[in-house]
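Student: I have a model open on my screen and would like to learn how to read it. Could we begin with a single residue and work outwards?

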Amino acid sequence: MNLGGLIARAALLKEQMKKQPCKRCGLHYDPIEMKQCPHCSHLDEPGLAKLLEQKENEIQSNKSLGFWFFIGAIVLLFIMIISA
Ligand SMILES: [Zn+2]
């Protein structure tokens, strides 16, 4: 990982620490800046269910993305070992 990526990650982490998870939808928002959750305060119950479903799909696709990154890292490591 390069330095720029590391700084970006640290900034993201700092940003997330300021935020709190919404009791209704579980997504993070800044309660100091926003009185209401920007993700779900405008949604009714069916809307919220749809949002949570989308979130679940996102988590699933992130998981599979993480898996392929993991495979990629192993392949890369393998190439480095055999070419050394
Ligand atoms: Zn919410």
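Tutor: Happily! Let's take Leu48, which sits in helix 2 (residues 45-83). Helices here are DSSP runs of H or I with at least four residues, strands are runs of E with at least two, and both are numbered from the N terminus. Residue numbers start from 1 along each chain as its sequence is written. This is a predicted model, where local features need pLDDT of at least 70, side-chain atom pairs count only at pLDDT 80 or more, and totals for chains, interfaces and linings use all residues.

Student: Is Leu48 buried or exposed?

Tutor: The idea is to count neighbours: a residue is buried if 20 or more other C-beta atoms, placed from the backbone, lie within 10 Å of its own, exposed if 12 or fewer, and partly exposed in between. Leu48 counts as partly exposed because it has 15 C-beta neighbours inside 10 Å.

Student: Which residues does Leu48 touch, not counting those up to four places away in sequence?

Tutor: Two residues are in contact if their C-beta atoms, placed from the backbone, lie within 7 Å. By that rule, Leu48 touches Arg24, Cys25, Cys40 and Leu43. Cys25 is 23 residues from Leu48 along the chain, and their C-alpha atoms are separated by 7.1 Å.

Student: How many residues of helix 2 are buried?

Tutor: The number is zero of 39, so helix 2 lies largely in the open. For its length, the expected span of a helix is 1.5 Å times one less than its number of residues. Helix 2 should therefore span 57 Å, and its end C-alpha atoms are indeed 57 Å apart.

Student: And what about helix 1?

Tutor: Helix 1 has 16 residues and reaches 23 Å between its first and last C-alpha, close to the expected 22 Å. Helix 1 is hardly covered, with a buried count of zero.

Student: What order do the elements run in from the N terminus?

Tutor: The order is α-β-β-α, made up of two helices and two strands. Buried residues make up 2% of the 84 in the protein chain. The C-alpha atoms fill a box of roughly 60 × 30 × 15 Å along the principal axes.

Student: Where is confidence lowest, and where is it highest?

Tutor: pLDDT is the predictor's confidence in each residue, from 0 to 100. Where it is low, the predicted coordinates should not be read in detail. Here confidence is lowest in helix 1 (residues 3-18), at a mean of 82, and highest in helix 2, at 95. The protein chain averages 91, and 99% of the residues score at least 70.
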